[in-house]
Amino acid sequence: MAIADKAPEVLDPNGEVVLEPRRAWSITIMVTLLAAISFADKAVLGIVARPMAEDIGLTNADIGFMGSAFYATFLVTALVGSLIADRLHLTIGLAVLAVTWSIAQLPVLIAASFAGVLASRLMLGFFEGPASAMCNGIAFSWFPAQKRGLPAAFITSGTSIAKIALAPALTLIVAAWGWKAAFVAMAIVGLVWTAVWLLIGKEGPYAARAARAAALKQGQRRGVPLLMVMKRPTFWGGLLGMFALYAQVAVILTWLPSYLEEGLGYSRVNSGLLFALPSVSGMAIMLLGSYVADRLSAKGATERASRISISAVVMTIGGLMLVAIPFVPGSAFPLALVVVGYGMAVLAFPLMIAVVSYIAPDRQVASIVGLFVAIYTTGGLVGPWLTGMLVDGADTPVEGYGLAFMVFGLASAAGGVLLHLTAYPERDRDVLAEANQRIAAS
């Protein structure tokens, strides 16, 4: 019997949902793979940057502009998607998104030019915008709030999988068949994932869409206003911290292969292969850190102790490691700082996504998490473009990259301090729960 054909839930004598772990984790692994495809679609620009620039005549600023342009259309649909995520059939929605990502690769093949690549990035950003809200929404539909840290870490580690497995493969494809072949490969991968997903994808018993339908049957037609959620310090403090961190991630995603080649002197193929190293550390730390946080939460630790404090520490230390990059000699030490600093800092992403899902009313989890992710990913508008400008304006590429790491490392460290000062999840969850009860009674 296929996974999708099994009963969606089993209840114990107290009426509590008993999860089917195999099914829950099958869905989580599938959306993790989709997150990996999504990040590989973003990362392909960094992998092909140098041969593409040489082929069609691009400056560093041009590449940075294309990297940032992705986030312009991404932001629009991410915001729209987050507002309607609780109403969407997430199983079908994710399949549609994956197909459109494959179609978005076509402009590069039709017109191998600045305009063609820019059109591809704008299309891809438009269609990838709603993915985060929908991926987290369908995975969280299989887990209660206290156990969402590890699933969130799996989904976030899709970025690491993209760089560990897909990025080296794309590097070899580019070396063998040219930079346009990387876009063809990603189109094929997206279509294969869709075929498998249509066989096994399904929403779980904690689906926000189901909670919304139950609330409507009880006459509760409105949820908590999103502006009320955004005013809570846990939300906006986390948002500012994640904005700074995501800008740093977007810089590494777009520019690390170029930095390794132009700044540190590694060969083009080795630069593409070394691109995976920060993701190895990031994935290991995210999975271990999220598992520890979930265990602490299960043993009665507060969300602030189990997730906020850890997030603040790793962001601050990881950011300061990037600040130190221009001051260490050679090529191995700067690479080590990127690997460890990036790996530590990105642990904050799944922990904060779990925190935001914790404070959100059940019927609004997908929308509120989607809104949170959509807004903080605007950091991607700033990071790649500013880095390109800094590199073009510096005396040498290594000086430009070093300055960029300092700027975004300091921003990440400051975001960690701000997060520690502002985020109190239990308090904000209680405030929003009381507001939800008042709305239900009105």
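Which element gives the largest share of the lining of the second largest pocket? The tour reaches that pocket at its last stop.

**Before you start**

This is a predicted model, in which local features need pLDDT of at least 70, side-chain atom pairs count only at pLDDT 80 or more, and totals for chains, interfaces and linings use all residues. Residues are numbered from 1 along each chain as its sequence is written, and side-chain values use heavy atoms, with hydrogens and water left out.

**Whole chain**

Show the protein chain as a cartoon: it has 21 helices and 2 strands. These are DSSP runs numbered from the N terminus, with helices being H or I of at least four residues and strands E of at least two. The radius of gyration is 21 Å, close to the 22 Å that the globule rule gives for 442 residues, so the chain is as compact as a globular protein of that length. (The radius is taken over C-alpha atoms, and the rule is 2.2 Å times the number of residues to the power 0.38.) The C-alpha trace spans about 65 × 45 × 35 Å along its principal axes.

Of the 442 residues, 58% are buried. Buried means under 20% relative accessible area, exposed over 50%, and partly exposed in between, with a 1.4 Å probe and protein chains only. Among contacts (heavy atoms within 4.5 Å) between residues at least 6 apart in sequence, 84% join residues at least 24 apart.

**Stop 1: V108**

Select V108, in helix α4 (residues 106-110). V108 counts as buried because its relative accessibility is 0%. Now show what surrounds V108: leaving aside neighbours within four places in sequence, V108 is in contact with G116, V117, S120, W179, K180 and F183. Add V184, which is 76 residues from V108 along the chain; their C-alpha atoms are separated by 9.2 Å.

**Stop 2: salt bridges**

The whole structure holds 4 salt bridges. The criterion is a side-chain nitrogen of Lys or Arg within 4 Å of a carboxyl oxygen of Asp or Glu.

Select D428 and R232, whose closest N and O atoms are 2.9 Å apart in a salt bridge. This pair links distant parts of the chain, 196 residues apart: D428 is in helix α21 (residues 425-441), and R232 is in the loop between α11 (226-230) and α12 (233-263). Both D428 and R232 are buried.

Add R427, which also forms a salt bridge with D428, the closest N and O atoms being 3.3 Å apart. R427 is partly exposed, with a relative accessible area of 38%. Salt bridges that share partners join R232, R427 and D428 into one network.

Move to D294 and R307, another salt bridge, with the closest N and O atoms 2.9 Å apart. Here D294 lies in helix α14 (residues 277-298) and R307 in helix α15 (residues 303-323), 13 residues apart. Both D294 and R307 are buried.

**Stop 3: cavities**

Rolling a probe the size of a water molecule over the atoms shows where empty space is left. On a 1 Å grid over the protein atoms alone, a cavity is a set of points where a 1.4 Å probe fits but cannot get out; a pocket is an open set with protein on both sides within 12 Å along at least five of seven lines; lining residues have an atom within 4 Å of a point. Grid points are joined across faces, edges and corners, and a volume is the space filled by probe spheres set on the points.

There are 4 cavities of 30 Å³ or more. The largest has a volume of about 370 Å³. Select F39, S132, T156, T159 and Y376, the closest to its centre of the 25 residues that line it. Helix α1 gives the most to this lining, with 5 residues. The lining of the largest cavity divides into 16 nonpolar, 7 polar and 2 charged residues. (Ala, Val, Leu, Ile, Met, Phe, Trp, Tyr, Cys and Pro count as nonpolar, Asp, Glu, Lys and Arg as charged, and the others, Gly among them, as polar.)

For the second largest cavity, about 50 Å³, select K42, L45, G67, F70, Y71, R121, L253 and T254. Helix α2 gives the most to this lining, with 3 residues.

**Stop 4: the second largest pocket**

Finish at the second largest pocket, with about 290 Å³ of space. Select W25, F143, K147, L150 and D294, which lie nearest its centre among 13 lining residues. The largest share of this lining, 5 residues, comes from α14. The lining of the second largest pocket divides into 8 nonpolar, 2 polar and 3 charged residues.
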